Structures are given as structure tokens and as C-alpha cells.
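Take a look at the chain below. We will walk through it step by step, starting from a single residue.

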Amino acid sequence: MPSLLRILSAVVLVCSGSASLARDGRPEAGRTLAQANCARCHAIGRTGASPFASAPPFRTLHRRYPVEQLAEALAEGIETGHPAMPEFQLSQAQITDLLAYLKTLER
């Protein structure tokens, strides 16, 4: 099991307060963050394919993981087993904004 999947699977243990993160964030700031840091590999919008075929489009993440529960994985730093995805860590404000943006893609 790739380490990203392991990390994201562990988010089930997230505290209940993380649900408010997506509501309190700034979706446009989250989109800007995704564009700057993620769009090289992931499709970050409502349409289009991911430039890196194995990188899931952001609009599908909610089908695999409850978006509110991604806060812990993002706070711990996303790490993967493949060299194409850089390791990074986000501030609490960035996490809140990114989750707010991801929630807009669920509609």
C-alpha cells in the first residue's frame, strides 16, 4: 500500500473539530494554493485530466476520502512512495483554505 494511501486512510482518526475547517476557509485562497503547488500533476478544477495520469483529479477526492478528514494528513505532511510528488507541509491556515476549496468541488 503506498504511503499516501496509508496516511489518508489514517485520517479516520481525525478529531471532530476538523469538519469546521472546510466551512471557515477561503476557497479562492485554497484554489490559488492548489494551482501553485498541485496543478503540475493533479487536475485541480471541475474538468480536465490530471497531467500526471496516476494523480487523482481533486474533484474526485471526496469520493475516496471525506474532505473534512484530510486535515490531519495535510498537517502531518503528505508523503508518497513515488519520487514525482514532492513532500510538503501546510500551515493550519493553508489547510483550512485548501479544504474549503476541495469542498467546492463536491457539488
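T104 is in contact with P27 and R46, leaving aside its neighbours within four places in sequence. This comes from a predicted model. T104 is found in helix α6. Is T104 buried or exposed? T104 is buried, with a relative accessible area of 15%. The cut-off for buried is under 20%, so T104 qualifies.

Now move back along α6. D97 also lies in this helix, which spans residues 92–104. D97 is buried too, at 7% relative accessibility. Which residues does D97 touch, apart from its neighbours within four places in sequence? The list is G25, R26, P27, A29 and G30. P27 is a contact of D97, and P27 is a contact of T104 as well.

That leads to helix α3, which covers residues 27–37. Here G30, L33 and A34 are buried. They cover an arc of only 100 degrees around the axis, so they sit on the same side of α3. Turn to the other side of α3. There E28, T32 and A36 are exposed. What covers the buried residues of α3? The cover includes α6.

T32 deserves a second look. T32 belongs to α3. Its relative accessible area is 53%. Exposed means over 50%, so T32 counts as exposed. Compare its place with that of D97. The two residues are 65 residues apart along the chain, yet 9.4 Å separates their C-alpha atoms.

How do the two helices meet? Two packed helices are described by the angle between their axes and the distance between the axes. For α3 and α6, the angle is about 95 degrees, and the axes are 7 Å apart. Angles of 65 to 115 degrees count as roughly perpendicular, so α3 and α6 are roughly perpendicular to each other. On the α3 side, the contact is made by P27, A29, G30, R31, L33 and A34. On the α6 side, the contact is made by Q94, D97, L98, A100, Y101 and T104. Sort these residues by class. The contact has seven nonpolar, three polar and two charged residues. D97 and T104, met earlier, are both part of this contact. So are G30, L33 and A34, the buried residues of α3.

Next, the cysteines. A disulfide is a covalent bond between the sulfur atoms of two cysteines. How many disulfides does a search of the whole structure find? The search finds zero. C38 is in no disulfide, and the nearest cysteine sulfur, that of C41, is 8.9 Å away. C41 is in no disulfide either, with the sulfur of C38 as its nearest cysteine sulfur. A disulfide needs the two sulfur atoms within 2.5 Å, so this pair does not form one. Are these cysteines buried or exposed? C38 is buried, with a relative accessible area of 11%. C41 counts as buried at 14%.

Finally, step back to the whole chain. It has six helices and zero strands. Read along the sequence, the pattern is α-α-α-α-α-α. The chain has 107 residues, and buried residues make up 45% of them. Now take the contacts in the chain with a separation of 6 or more. Residues 24 or more positions apart account for 66% of these. The contact of T104 with P27 and that of D97 with G30 are two examples to find in the structure.

Terms used. Residues are numbered from 1 along each chain as its sequence is written. This is a predicted model: local features need pLDDT of at least 70, side-chain atom pairs count only at pLDDT 80 or more; totals for chains, interfaces and linings use all residues. Side-chain values use heavy atoms; hydrogens and water are left out. Buried means under 20% relative accessible area, exposed over 50%, partly exposed in between (1.4 Å probe, protein chains only). Helices (H or I, at least four residues) and strands (E, at least two) are DSSP runs, numbered from the N terminus. Contact means heavy atoms within 4.5 Å. The arc is that of the directions from the helix axis to the C-beta atoms. Axes are lines fitted to C-alpha atoms, for helices over the stretch in contact, and angles run from 0 to 180 degrees between N-to-C directions. Angles under 35 degrees count as roughly parallel, over 145 as roughly antiparallel, 65 to 115 as roughly perpendicular and the rest as oblique. Ala, Val, Leu, Ile, Met, Phe, Trp, Tyr, Cys and Pro count as nonpolar, Asp, Glu, Lys and Arg as charged, and the others, Gly among them, as polar.
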